[in-house]
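Student: I'd like to go through the labels on this one and ask what earns each of them. Can we take them one at a time?

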Amino acid sequence: MGKAAYVKKIQVSADGITNWLDLPATSPSLDIGGDVLDDTELASNAGYRSRVLGLHDFSVSADSNWSGADAAIALVRAAKLGRLPLFMRYLPDGTTTYGLKGAVVVESFNHSGDVGELETVSISLQGNGALSAA
Amino acid sequence: MGVPAYKALIKSSGTPTAMLQEPMTEISDGVFIITSVNKRVLSLEHPYTIQRSSNQSPISPGSITAADLISGTFTIPDAEGMGLEINATYIPVSEIIGANKYSLDIGGDILDDTNFLEARVNGGFRTKVYGIFDVTVSIDRNSDYGQKFIDYKRNRERVFIEIRPGADTQSEFAGVYRGWFFAESTGLAGDIGDLETESIKFNLAGSNLANFCFVQNEPII
């Protein structure tokens, strides 16, 4: 049975331990990828490719509604402009039960506004190290 | 809670204007800001001098430990407690006529510094560090037939862009993005039954004098 996404939380923290702040995200996503290395060789295959996993990598995107008073947006912006440490937590059900967390760098912080729309911020984060249970 | 974008203030630079004996205010120990909020963006092409307001004796440039020509802020520890004024050329900014859409992208390079030692320790995950930053701005506007941005492009001149999201007044929480840019491209278009529009894309024109900044809670005196 499916689970509604509206309970999800994307959180950021300056130290990864305390003071986790909720991003006012509207369509966040977590992508866990990395390298898949082809080790197919003549000696040991039945006509199929074989592979091993190489380095892992992850990325997070979070389109958010902007507010000048929002502490989470301010923290992400400060981390980008100041090249400061940042940690993110992706909580699919809003709790740490199924959550994942890791250190990140801010790849881009894109602020935009159409005269007839809301002010929005599009944030993309790249993993900087391990992704672990929240 | 969302903020409607129609309140955004999008401004660009006007004609550089000389100012003499413009008052400065000490906002913290040894940190001075140009008092008039409308005169804080200084020209990068014109010199400035800071002097004591009591007798106009100049402050030596060597005493200025930090100078932010985008926010009009100077750090002069030796001048703590003094009344100061500045002779300079400031850049007046005014709203871009007809602007109805913008985007500001703070990006740049992310460098992969993954190595054997750290990857073994962290379970085989890539690690990264920040490289060079870059900023791009795009602005769509209803054209007034003016060629201001076409002229910036043609004359290869820098243009100052200021973006204050979600605020039509200088309220405390309305942070402001500021920077010097080159107009990478500008295009005019208009369907026979529609408005004439202009789309302008700017790239950051970084230098060791001024790049890009975000100022939260800008002191308004």
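Student: What makes E9(B) and E10(B) count as paired strands?

Tutor: This is a predicted model, and in it 12 bridges join E9(B) to E10(B). Pairing takes at least two bridges, so the label holds. The two strands run antiparallel, and Ala99(B) stands opposite Arg141(B) in E10(B).

Student: And how do you know that E9(B) also pairs with a strand of chain A?

Tutor: Same kind of check. Strand E6 of chain A, residues 100-114, is joined to E9(B) by 6 bridges. With at least two needed, that is a pair, and therefore the pairing crosses from chain to chain. The sense is antiparallel here. Two facing positions are Asn110(A) opposite Asp105(B) and Ser112(A) opposite Ser103(B).

Student: Which strands of chain A itself does E6(A) pair with?

Tutor: Strand E5 of chain A, residues 86-91, pairs with E6(A) in the antiparallel sense over 5 bridges, and Met88(A) stands opposite Gly102(A) there. Strand E7 of chain A, residues 120-133, is joined to E6(A) by 11 bridges, again antiparallel. Ser112(A) stands opposite Thr120(A) in E7(A), and a hairpin of 5 residues links E6(A) to E7(A).

Student: Back to the two chains. How many residues are in contact across the interface?

Tutor: 37 residues of chain B are in contact with 36 residues of chain A. For the area, chain B and chain A bury about 3300 Å² between them, with 56% of it on carbon and sulfur atoms. That area is summed over both partners, so don't read it as a value for one side.

Student: Why is the contact between Asp35(A) and Arg126(B) called a salt bridge?

Tutor: The N to O distance between these side chains is 2.5 Å. The cut-off is 4 Å between a side-chain nitrogen of Lys or Arg and a carboxyl oxygen of Asp or Glu, so Asp35(A) and Arg126(B) qualify. As background, side chains of opposite charge can pair when their charged atoms come close. The rule finds 2 salt bridges across this interface, and the structure holds 11 over all chains.

Student: Where do the two partners, Asp35(A) and Arg126(B), sit?

Tutor: Asp35(A) is in strand E3 of chain A, residues 25-38, while Arg126(B) is in the loop between helix H1 (116-121) and E10 of chain B. Ile32(A) also has its place in strand E3 of chain A. Leaving out residues up to four places away in sequence, Ile32(A) touches Asp57(A), Phe58(A), Leu100(A) and Leu131(A).

Student: What else turns up between the chains in the way of polar contacts?

Tutor: The rule finds 20 residue pairs in polar contact across the interface, both residues at pLDDT 80 or more. On the side of chain B that touches chain A, the elements giving two or more residues are strands E9 (99-112), E10 (128-142) and E14 (212-215) of chain B. E9(B) gives the largest share, 10 residues. By type, that side divides into 20 nonpolar, 13 polar and 4 charged residues.

Student: Last one: why is the aromatic pair of Tyr48(B) and Phe74(B) called tilted?

Tutor: First, the centres are 5.2 Å apart, and the limit is 6.5 Å, so the rings count as a pair. Then the angle: 55° between the planes is neither under 30 nor over 60 degrees, and therefore the pair is tilted. Tyr48(B) lies in the loop between strand E3 (31-34) and strand E4 (49-52) of chain B, and Phe74(B) lies in strand E6 of chain B, residues 73-75. The two are 26 residues apart, so to speak of a link between distant parts of the chain is fair. The count by this rule comes to 9 aromatic pairs over all chains.

Terms used
Residues are numbered from 1 along each chain as its sequence is written. Chains are lettered from A and ligands numbered from 1 in the order in which they are written. This is a predicted model: local features need pLDDT of at least 70, side-chain atom pairs count only at pLDDT 80 or more; totals for chains, interfaces and linings use all residues. Side-chain values use heavy atoms; hydrogens and water are left out. Contact means heavy atoms within 4.5 Å. Buried area is the accessible area (1.4 Å probe) that two parts lose on being put together, summed over both. A polar contact is a pair of N or O atoms within 3.5 Å; within protein, one must be able to donate a hydrogen and the other to accept it, and residues adjacent in sequence count only if both atoms are side-chain atoms. Helices (H or I, at least four residues) and strands (E, at least two) are DSSP runs, numbered from the N terminus. Ala, Val, Leu, Ile, Met, Phe, Trp, Tyr, Cys and Pro count as nonpolar, Asp, Glu, Lys and Arg as charged, and the others, Gly among them, as polar. Rings of Phe, Tyr and Trp (its six-membered ring) pair if their centres lie within 6.5 Å; planes under 30 degrees apart count as stacked, over 60 as edge-to-face and the rest as tilted.
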